[in-house]
Amino acid sequence: MLLSLNDVSFSYRTKYQTVNAVKNVSCEFEAGRLYAVVGKSGSGKTTLLSLMAGLARPDGGAISVDGKDLLSLDPDAYRRDTVSIIYQNFNLFPLLTVLENVMYPLGLNKTPKQEALKIAVEVIKKVGLDESYCKRLPSMLSGGEQQRVAIARALATGAQTILADEPTGNLDSENTENIIGLLTSLAHGENRCVIVVTHDQNVADAADTVYRMDSGRLTEEAREI
Ligand SMILES: Nc1ncnc2c1ncn2[C@@H]1O[C@H](COP(=O)(O)OP(=O)(O)OP(=O)(O)O)[C@@H](O)[C@H]1O
Ligand SMILES: [Mg+2]
């Protein structure tokens, strides 16, 4: 099993209140499959992704990656090499061009410049943008285009696990289909583990497994195939 969560809980604690965002979640994710996580706003989906990305530490339970406890791994190396995250609000670097945004993670893992350039141009094309976008700043792009740049950036390193938070939230149906095709081929063609938080029924329909979050708890949906 690539990624497994065993009785994981997480609460946001402030001076005034505690929000139990993820409650006793156990689930497993394999390579080569596309997973959808669905559920109402505030049900804990983004929090669950943050836990799997190593951005938050469980208060209870454990997450294991390839059989090793996530807490025993070097957090920087894990976030740099093993997982890629596509954030709900894209998180593009506003002062870097499209090309520089996509090349950024390759700089972190010390990919030689020329190779990084080649990979970046390749993944930018993969998400359906052409080379004319490379020199633009994120502020010069539509929401859907920014979203595709965020996806390209997440693909650049070839990470085994792709975590995506509403990757089709701002896209029209044609681009949604393209992104679904892309996510499916990453899972089925490149043997990656792709986990997508989504409100989009089309994305959920394309997934091999659908998990539903409800007030911090997770259940696997029975699927009719
Ligand atoms: N930084 C924070 N501090 C305190 N509470 C938070 C924080 N972030 C999220 N929460 C709370 O945790 C719960 C789960 O939030 P989360 O962002 O995981 O939901 P979500 O399922 O991703 O929702 P959405 O579909 O709107 O993105 C919510 O009740 C939310 O208000
Ligand atoms: Mg969210």
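This is a quick walk through the sheet, one helix and the ligand site of a predicted model.

Start with the sheet. Four strands make an open sheet, ordered E2-E1-E4-E5, with antiparallel pairing. Look at the edges. E2, residues 18-29, and E5, residues 68-69, each have a single partner strand, so one side of each has no neighbour in the sheet. Now E1, residues 3-13. E1 and E2 run antiparallel and are joined by 8 bridges. For a landmark, find Arg13: it stands opposite Thr18 in E2.

Next, the helix. H1 packs on the sheet and touches E1, E2 and E4, the last being residues 60-65. The direction of H1 makes about 120° with that of E1. H1 spans residues 45-52, and 7 of its 8 residues are buried. Among them are Lys45, Thr47 and the leucines Leu48, Leu49 and Leu51. After H1 comes Gly54, with a positive phi near 80°.

Now the ligand. Which residues sit closest to ligand 1? Ser41, Gly42, Lys45, Thr46 and Thr47, out of 13 that surround the ligand. H1 gives the largest share of that shell, 3 residues. E2 also supplies at least two.

Three polar contacts to go through. Gly42 places a backbone N or O atom 2.8 Å from an oxygen atom of ligand 1. Gly44 has a polar backbone atom 3.0 Å from a ligand 1 oxygen atom. Thr46 uses its side chain: a polar atom there lies 2.8 Å from an oxygen atom of ligand 1. And the coverage? On its own, ligand 1 has 640 Å² of accessible area, and the protein covers 63% of that.

Terms used: Residues numbered from 1 in each chain as written. Chains lettered and ligands numbered in written order. Predicted model: local features only at pLDDT ≥ 70, side-chain atom pairs only at ≥ 80, totals over all residues. Heavy atoms only, no water. Buried < 20%, exposed > 50% of the residue type's maximum accessible area, 1.4 Å probe, protein only. Pairing = 2+ DSSP bridges. Contact = heavy atoms within 4.5 Å. Axes fitted to C-alpha atoms, helices over the stretch in contact; angles between N-to-C directions. Near = heavy atom within 4 Å. Polar contact = N/O pair within 3.5 Å; in protein donor to acceptor, adjacent residues only side chain to side chain. Areas by Shrake-Rupley, 256 points an atom, 1.4 Å probe, with all protein chains shown as cover.
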